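Dear colleague,

Please find below the structure that I am handing over to you. My notes on what was found in it follow directly after.

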Amino acid sequence: MQFAGMDNRELTAHIGQFWSWWSTELKQCIPRQLLQHFYPDTPEVLVAIREGEARFYQSTEATSEPFITVKLDELERPERLAEVNATLSTYPQGTYLAVTLGAQQTLCQQVQLPIATESNLDSVIRFEIDRLTPYSPDEVLHAHRIIGRHPETDQIAIELDVVPRALVKALMESLSSLCLPVLALYPHVGEENHWPASKVNMLGAEQKNGDSRFNQRTRYSAVAVAALLLLVLALPIMFLNMKSQDLEARLDAVRQQGSQLSEQRAMLDERHAARSELLRRRQEMPSKLQLIDELTRLLPDHTWVSRLSVEDTVVKLAGESSEASQLIEILDQSPNFHNVRFDSPVIRNSRSEQDRYEIRLELGAGS
């Protein structure tokens with residue numbers, strides 16, 4: 001770039017353009033939580049995916065109304081996409097989209113784990129996904145948070161949210177034509193509230209967006225520029241403190257050698273305790289496939305199930321049957337079920353001439 005023929009106004013404009021581009025790219029390298037701390041004005045537009053629709057919100061109030069509502073398949077129509085992008089383009093630079101899914105798209109479950117597993121929780125959660133869901137850990141995106149600690153029972157309560165990667169990929173492809181990038185995917189919080197109470201980003205380091213402004217090459221280039229700038233600024237201090245840092249490093253090495261054995265022993269003990277507990281739980285609790293097989297074997301042909309949920313040791317099933325009153329006696333025959341009872345009164349469906357039922361039972365042999 002040549003500056004010889006420029007006056008002060010033109011030179012200032014070029015420098016301003018460069019700084020605007022450079023600072024914007026550097027922001028993409030900063031974690032989203034840290035970015036919001038230093039740039040609290042960075043806007044976030046929430047996109048609630050409900051029943052094939054994308055509902056756009058800009059208010060955190062649960063009672064607020066969406067300013068855009070569009071069906072996902074309508075985004076494939078150029079004229080409809082242009083209308084949506086015309087509205088989104090009015091937001092300031094740096095605005096991004098955060099997506100929340102509905103209850104039908106997210107598997108949410110509370111899990112009780114030993115407190116000893118907290119230090120190795122990520123690995124334990126992957127095992128729980130494989131045990132509690134029909135998916136392998138590599139087939140889903142997941143988020144978890146600790147919602148309670150119970151020292152009296154040596155347990156911690158975990159809320160686990162799981163979404164299939166295939167569903168997320170299809171959703172990202174539908175939203176990739178929008179002019180704002182999708183940088184966050186939050187677990188669902190129920191149909192009555194579109195704004196998440198706890199912002200646990202399920203995308204994490206796997207953020208997906210079709211906008212070329214946020215591709216990997218741009219991010220790597222921005223990181224390299226930032227690292228070079230920091231190196232130039234810190235080089236004199238590095239030379240002045242070289243001997244001090246070397247002595248400190250040697251002292252740290254001696255301290256680490258002294259505590260390495262005890263740390264390794266504690267880690268092995270924790271992993272052994274966690275593995276033993278998980279193996280015990282897996283042996284005691286029937287798998288979901290065993291549960292479905294047992295219900296299929298017991299329930300008569302005139303009965304069908306429309307909803308089945310499993311929470312810890314409690315199973316709830318609902319549907320319709322021509323003789324719903326006999327179901328309690330039938331399910332009581334299984335040694336794997338106890339405390340079988342109706343969860344609500346049996347209601348006759350006048351349209352299908354069938355009895356609607358809701359049954360609650362507990363897994364394991366009764367005492």
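I begin with helix α4 (residues 121-132), where helices (H or I, at least four residues) and strands (E, at least two) are DSSP runs, numbered from the N terminus. The end C-alpha atoms of α4 are 16 Å apart, which agrees with the 16 Å that its 12 residues should span at 1.5 Å a residue; the expected span is 1.5 Å times one less than the number of residues. Buried residues of α4 are L121, V124, I125, E128, I129, R131 and L132. Because they cover an arc of only 165° around the axis, they lie on the same side of α4; the arc is that of the directions from the helix axis to the C-beta atoms. Here and below, buried means under 20% relative accessible area, exposed over 50% and partly exposed in between (1.4 Å probe, protein chains only).

A word on the basis of these notes: this is a predicted model, in which local features need pLDDT of at least 70 and side-chain atom pairs count only at pLDDT 80 or more, while totals for chains, interfaces and linings use all residues. Residues are numbered from 1 along each chain as its sequence is written, and side-chain values use heavy atoms, with hydrogens and water left out.

Salt bridges

A salt bridge is a side-chain nitrogen of Lys or Arg within 4 Å of a carboxyl oxygen of Asp or Glu; by this rule the count comes to 15. One of them lies in α4, where E128 and R131 are three residues apart, about one turn of the helix. Their closest N and O atoms are 3.0 Å apart, and both residues are buried.

Helix α8 holds another pair with this spacing of three residues, R297 and E294, with 2.9 Å between the closest N and O atoms. R297 is exposed at 54% relative accessible area, whereas E294 is buried at 11%.

E353 and R348 also form a salt bridge, with the closest N and O atoms 3.9 Å apart. Both partners are partly exposed, E353 at 48% and R348 at 46%. In addition, salt bridges that share partners join E53, R55 and K71 into one network.

Aromatic pairs

Rings of Phe, Tyr and Trp (its six-membered ring) pair if their centres lie within 6.5 Å; planes under 30 degrees apart count as stacked, over 60 as edge-to-face and the rest as tilted. The whole structure contains two such pairs. One of these, F67 with Y91, is tilted, at 5.9 Å centre to centre and 40° between the planes. The two residues are 24 residues apart: F67 is in the loop between β2 (53-57) and β3 (68-71), and Y91 in the loop between α3 (78-88) and β4 (96-101). F67 is partly exposed at 29% relative accessibility, while Y91 is buried at 18%. Together with F56, F67 and Y91 form one aromatic cluster.

Contacts across the sequence

L289 lies in helix α8 (residues 288-298) and is exposed at 69% relative accessibility. L289 and P134 are 155 residues apart in sequence, with their C-alpha atoms 8.7 Å apart in space. P78, in helix α3, is exposed at 61%; the C-alpha atoms of P78 and S177 are 9.8 Å apart, with these positions 99 residues apart in numbering.

With kind regards
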